[in-house]
Amino acid sequence: MSKPKVAFYWCASCGGCEEAIVDLAEEILQVVEAVEITFWPVAMDFKREDVERLADGELAAAFINGAIRTSEQAEMAHLLRAKARFVIAFGSCSHTGGIPGLANLFDREEILRYVYEEAPAVHNPQRVRPQERIEVDEGLLTLPAFDETVYTMDQIVEVDYYLPGCPPPVGLIRGALQALLEGRLPPKGSVLAPDVALCAECPRKHTKPERLALKSLKRPHEVLIDPQTCLLAQGVICLGSATRSGCGAACIQGNMPCTGCLGPTSRVLDGGAKALSAVASLLDATKEAEIERILESIPDPVGLFYRYSLPASLIHRRAGNGRHIQEGRTR
Amino acid sequence: MSERPAGNGKSFEPRIVAFFCSWCTYTAADLAGIARLAYAPNARIIRIMCSGRMDPQFVLATFRQGADGVLIGGCHPGDCHYQEGNYKALRRYLLLKRLLRDLGIEEERLRLVWISASEGDLVQKVVNEFTETIRQLGPLRLAPQPRRTHLPAPAQPEPQPAVWEGGLP
């Protein structure tokens with residue numbers, strides 16, 4: 001009996017998700033014993049042809065991390081989708097767009113102009129930009145196309161399961177692998193993480209006051225954070241109340257607030273809006289001027305509330321006809 | 001609500017969704033009706049129990065589903081039937097406006113007003129003003145939302161794949 005074949009692939013991501021697989025440590029050996037890794041370009045020498053050679057559905061599972069922005073990423077996602085019985089969107093970028101998804105605040109042209117012409121470290125007087133095709137003496141050279149928008153995995157291909165997190169916590173990866181190997185699978189489309197807010201497993205939850213009323217908001221670098229007390233009670237914006245649990249409150253244990261990487265629970269339509277609602281309701285002010293003064297401590301609401309989820313949000317990307325976000329942000 | 005001549009702005013009729021608190025603003029809108037005060041027909045009014053029920057998700061979903069402007073009406077400060085719902089609405093509104101600005105949606109497309117049950121004339125004035133504001137701004141053009149391609153959970157459990165005979169030792 002041959003072992004089930006699995007593939008790991010990355011799209012628009014940082015490599016942290018691959019690191020998370022390696023973080024299984026010795027357990028990775030048990031995984032390798034139980035499955036045959038057929039494709040994992042980050043760690044082993046595989047080529048695209050190795051995947052193309054497979055029959056449709058021959059892969060038991062494809063774990064794909066990263067958002068989708070280029071034509072190459074979309075092609076690989078479609079290829080792996082065809083070859084795999086289960087596609088698992090692995091990590092925040094694949095699940096909800098992640099950090100690369102914040103690029104949806106800008107147009108393609110703004111990004112290319114900044115990166116190739118205006119960034120302080122760039123010297124490019126001829127304004128050369130990468131082209132998708134160019135004829136040279138040796139033949140035609142091509143590059144993948146760079147899309148206008150960053151997409152989540154499920155906006156490109158059908159996704160069977162989601163493993164959330166930036167990167168997914170080792171415990172969730174282990175649980176997902178075991179569920180796959182044992183065939184104990186939840187309904188298709190499930191997020192393979194607990195469906196309760198992080199506060200439920202927060203080691204500081206007993207220190208949260210009955211009623212939170214914040215006169216000011218503090219950013220983590222502005223205050224010496226007490227390692228025992230609920231971060232919200234200290235005026236530090238912690239998104240644990242609007243985020244799934246499943247990470248063991250790793251950031252909280254590191255004395256940093258939750259930034260929401262596991263995404264919202266299944267009852268939430270738009271995680272960023274829900275987190276915004278929760279934070280705003282905690283402010284202890286009733287006069288407009290006073291509220292505005294407190295809100296000055298949130299210089300970048302999109303970056304705070306949609307840090308990992310802009311492409312998956314209701315608005316998805318910056319609206320076409322609005323005034324440009326604060327002048328100079330791109331400069 | 002489907003016909004929607006956009007473009008040159010001349011024939012643009014703003015689509016406005018108004019969420020009015022049951023205790024004050026919605027009653028005021030009723031009063032405006034009883035008093036036969038005519039106002040712009042662009043606003044579709046939805047009654048909510050309190051402006052504090054106005055989840056920012058509702059605002060974003062309303063824009064996503066085609067509204068050009070969202071109007072929220074609540075009781076005057078100090079008059080909330082539930083003590084502080086309107087203060088929560090105000091805080092969420094001010095933060096949400098900052099978010100909308102950064103998302104490229106003009107702040108003026110969202111407005112929060114305090115209208116008490118007796119101020120039917122104010123409903124007329126605010127709806128007319130707001131409709132005019134949105135008319136000036138033109139239609140909201142959101143980038144289309146990519147569809148999610150995964151299917152909903154199947155009604156019956158799918159047959160288990162036969163190949164998974166292994167298991168972690």
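Here is a short walk through a predicted model, starting in chain A, crossing to chain B by a helix pair, and ending on a strand.

**Stop 1: the sheet in chain A.** Select the strands in the order β2-β1-β3-β5-β9: these 5 form an open sheet with parallel pairing. Color β2 (36-39) and β9 (161-163) to see the edge strands, each of which pairs on one side only. From one strand to the next, the twist averages 30°.

Now zoom in on β5 (residues 84-90) and β9(A), which run parallel and share 3 bridges. Show A:F90 and you'll find A:L163 of β9(A) standing opposite.

**Stop 2: helices on that sheet.** Add α7 (residues 170-182) of chain A, which packs on the sheet and touches β3, β5 and β9, its direction making about 155° with that of β9(A). Then show α4 (residues 71-83) of chain A, lying across β1 (5-10), β3 (59-65) and β5 and running at about 135° to β5(A).

**Stop 3: over to chain B.** Select α9 (residues 271-281) of chain A together with α3 (residues 85-102) of chain B; their axes come within 8 Å and cross at roughly 130°. That angle makes the pair oblique, and the crossing is right-handed. For side chains, turn on A:L276, A:S277, A:A280 and A:S281, which meet B:K88, B:R91, B:R92, B:L95, B:L96 and B:L99. That contact is a mix of 5 nonpolar, 2 polar and 3 charged residues.

**Stop 4: a covered strand.** Finish on β4 (residues 110-114) of chain B, where 5 of 5 residues are buried. B:L110, B:L112 and B:W114 point one way, while B:R111 and B:V113 point the other. Bring in β3 (residues 69-74) of chain B, a parallel partner over 5 bridges, and pick out B:V70, bridged to B:L110.

Technical notes
Residues are numbered from 1 along each chain as its sequence is written. Chains are lettered from A and ligands numbered from 1 in the order in which they are written. This is a predicted model: local features need pLDDT of at least 70, side-chain atom pairs count only at pLDDT 80 or more; totals for chains, interfaces and linings use all residues. Axes are lines fitted to C-alpha atoms, for helices over the stretch in contact, and angles run from 0 to 180 degrees between N-to-C directions. Helices (H or I, at least four residues) and strands (E, at least two) are DSSP runs, numbered from the N terminus. Angles under 35 degrees count as roughly parallel, over 145 as roughly antiparallel, 65 to 115 as roughly perpendicular and the rest as oblique. A crossing is left-handed if the near helix is turned anticlockwise from the far one by less than a right angle, and right-handed if clockwise. Two residues are in contact if their C-beta atoms, placed from the backbone, lie within 7 Å. Ala, Val, Leu, Ile, Met, Phe, Trp, Tyr, Cys and Pro count as nonpolar, Asp, Glu, Lys and Arg as charged, and the others, Gly among them, as polar. A residue is buried if 20 or more other C-beta atoms lie within 10 Å of its own, exposed if 12 or fewer, and partly exposed in between; C-beta atoms are placed from the backbone. Two strands pair if DSSP finds at least two bridges between them.
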